[in-house]
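Morning, everyone. Please bring up the structure and keep it in view while I talk.

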Amino acid sequence: MSLHCLVYVSLANQEMSDDHLKSMLQKARAKNETLDITGMLLYRDGFFMQALEGALKDIEALFDTISKDARHSGLLLVYKKPIQQRGFADWTMGFNKIDDTNIEAVDGYTNFLNNPTPAFFMERASEAEAVLDQFKHQLFF
Ligand SMILES: Cc1cc2nc3c(=O)[nH]c(=O)nc-3n(C[C@H](O)[C@H](O)[C@H](O)COP(=O)(O)O)c2cc1C
């Protein structure tokens, strides 16, 4: 199997309440488990960033499904690359919500939110990776 990691960003089309996010995650985690996909989803004020890890064909197929989901739009692929080992091996889909109480601790995230242009994301893949990495060891729910 060729293990890959795919990271994208998107904008929510509607307000995502905690209940809404939880039910979306519950289904996503069950499906990811069957596909042996792991990863992390970050959410702040209508802004998503997600890492999907697994076999290339599986994460590409899931990304295709996710990109058609009406709950968000404007998806931008930040990077897709081969990896030696999973960065989020413990989570079928980890989740963290970033808000004013924890944003201070998040290096780089403020820049992402202030500059939501395709060029910004394409040029800063390593920054996206660093932001995801900061949430590896704790989950919001
Ligand atoms: C931001 C966002 C992230 C999502 N992440 C996943 C995910 O990691 N795994 C998953 O199966 N579905 C995820 N979904 C839901 C999918 O878009 C889709 O509804 C789900 O895979 C069921 O698709 P199916 O009915 O074609 O099997 C996500 C949706 C959104 C809006």
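How far does a polar side-chain atom of R71 lie from an oxygen atom of the ligand? The distance is 3.3 Å. Keep in mind that this is a predicted model.

Let's stay with the ligand. There are 15 residues around the ligand. Those that come nearest are K31, N32, Q50, D69 and R71. Take K31. An N or O atom in the K31 side chain is 2.9 Å from an oxygen atom of the ligand. Now Q50. Here the ligand offers a nitrogen atom, and an N or O atom in the Q50 side chain is 3.0 Å away from that nitrogen. And how much of the ligand does the protein cover? On its own, the ligand has 620 Å² of accessible area, and the protein covers 74% of that.

Next, the sheet. Trace the strands in this order: β4, β1, β3, β2, β5. That makes an open sheet of five strands, with mixed pairing. Which strands are at the edges? They are β4 and β5, and each of these pairs on one side only. From one strand to the next, the twist averages 15°.

Now walk through the pairs. β1 and β3 run antiparallel, joined by nine bridges. In that region, V7 stands opposite A51 of β3. β2 and β3 also run antiparallel, with seven bridges between them. There, T38 has E53 in β3 as its bridge partner. β2 and β3 form a hairpin with two residues between the strands. Look at D45 in this hairpin: its phi is positive, near 45°.

What about β2 and β5, parallel or antiparallel? They run parallel, and four bridges join them. One residue to find is M40, whose bridge partner in β5 is G94.

How buried are these strands? Start with β3. This strand is mostly covered, with nine of its nine residues buried. Then β5, residues 94-97. G94 and N96 point one way from β5, while F95 and K97 point the other way. All four of those residues are buried.

Just beside that strand, look at M93. M93 sits in the loop between β4 and β5. Is M93 buried or exposed? Buried means under 20% relative accessible area. M93 has 1% relative accessibility, so M93 counts as buried. Now find L25. L25 and M93 are 68 residues apart in sequence. In space they are 7.3 Å apart, C-alpha to C-alpha.

Last topic: the cores. In soluble globular proteins, nonpolar side chains tend to be buried together. The largest nonpolar core here has 21 residues. Which of them touch the most other members? They are V7, L42, M49 and L132. Five elements give two or more residues each to this core: β1, β2, β3, β4 and α5. The largest share, four residues, comes from β1. There is also a second, separate core, made of 18 residues. Among them are A12, M24, I59 and F63.

To recap, go back to V7. V7 stands opposite A51 in β3, and V7 is also among the residues with the most contacts to other members of the largest nonpolar core. Then return to Q50, one of the residues that come nearest to the ligand. That's my tour. Thanks.

Technical notes
Residues numbered from 1 in each chain as written. Predicted model: local features only at pLDDT ≥ 70, side-chain atom pairs only at ≥ 80, totals over all residues. Heavy atoms only, no water. Core = buried A, V, L, I, M, F, W, Y, C linked by side-chain atoms within 4.5 Å. Buried < 20%, exposed > 50% of the residue type's maximum accessible area, 1.4 Å probe, protein only. Pairing = 2+ DSSP bridges. Near = heavy atom within 4 Å. Polar contact = N/O pair within 3.5 Å; in protein donor to acceptor, adjacent residues only side chain to side chain. Areas by Shrake-Rupley, 256 points an atom, 1.4 Å probe, with all protein chains shown as cover. Axes fitted to C-alpha atoms, helices over the stretch in contact; angles between N-to-C directions.
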